[in-house]
Amino acid sequence: MIATAPATTCAARGAAARAGVADAVVVDAGARTVRCLTLGDGNPERSVRPGQGPLGVPVHLGSPVIQELGPGVRDTPPADPNVIARLAARQLKRVAGAVLLHTGGGMGDVGAPPAAAEVRARLTDAARFAATSVCRIASERLVTAVGRAEFELVLATARDRALSRVVAAGAAPDTARIESVSHAPVAYLPAGVHRVTVHAVGQPAAGVPA
């Protein structure tokens, strides 16, 4: 998931982590493009529609849903604060209790409210903070299982694999935990094939470079 939009996704998660919130609408203002992304429970909203993959085969990558304003998008200048404010307001209505956060080097150009210099500096560097404040991985696999017992074994194996991967990514073993598990049958493949997605997180182990 993160690999499909690494900078924007990390910036959104980092801004939320800096602000100490889990539900947020994040406006990430770059030099030429402004992107808006919604977080729920710290995770980006994901597309539920399959997209076209290699050779026209429909695939479902669960890519983050990112609203983008930039050159060529409805002929709207990316630095128009009014357009960006309306976009953020629409997103805020969709997530109860979400807060609005601004990040990115172009914050001052898109109508971000004034803030103390040190706070703005931290939020500007939100993407780097996301990479160093928590170890997080998303493991997604297509699995085949016949019957409930076999499927439960597959899920247990997927959880163990995710925990191993997050530790390998730098998390302290005693802090590694499963954040979420989701699964669904794959409609365009034979019966018994499921897509299993496991999110695991953990605090960086001592000595892991920031």
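In this predicted model, the buried residues of helix α5 pack against three strands: β8 (135-144), β9 and β10. The residues doing that packing are Phe151, Val154, Leu155, Ala158, Ala162 and Val166. They sit on the same side of α5, because the arc they cover around the axis is only 105 degrees. Flip to the face turned away from that buried side, and the exposed residues Ala149, Leu153 and Ala168 turn up.

As for the helix itself, α5 runs over residues 148-168, 21 residues in total. From first C-alpha to last it reaches 30 Å, close to the 30 Å expected at 1.5 Å a residue. Just after α5 comes Gly170, with a positive phi of about 120 degrees.

Over to the surface, where Leu142, Tyr188 and Leu189 make up a nonpolar patch. Taken together, these three residues offer about 260 Å² of accessible area. Tyr188 belongs to the loop that links β9 (177-185) with β10 (193-202). With a relative accessible area of 37%, Tyr188 falls between the 20% and 50% cut-offs, so it counts as partly exposed.

Then there is Gln91, a residue of helix α2 (residues 81-92). Its relative accessible area is 8%, which is under the 20% limit, so Gln91 counts as buried. What does Gln91 touch, leaving aside its neighbours within four places in sequence? The contacts are Val25, Cys36, Thr38, Glu45 and Gln67.

Notes:
Residues numbered from 1 in each chain as written. Predicted model: local features only at pLDDT ≥ 70, side-chain atom pairs only at ≥ 80, totals over all residues. Heavy atoms only, no water. Patch = residues over 30% accessible without salt bridge, like charges linked within 9 Å, V, L, I, M, F, W, Y side chains within 5 Å. Areas by Shrake-Rupley, 256 points an atom, 1.4 Å probe, with all protein chains shown as cover. Salt bridge = Lys/Arg side-chain N within 4 Å of Asp/Glu carboxyl O. Helix = DSSP H or I, 4+ residues; strand = E, 2+ residues; numbered from the N terminus. Buried < 20%, exposed > 50% of the residue type's maximum accessible area, 1.4 Å probe, protein only. Expected span 1.5 Å × (residues − 1). Arc of directions from axis to C-beta. Contact = heavy atoms within 4.5 Å.
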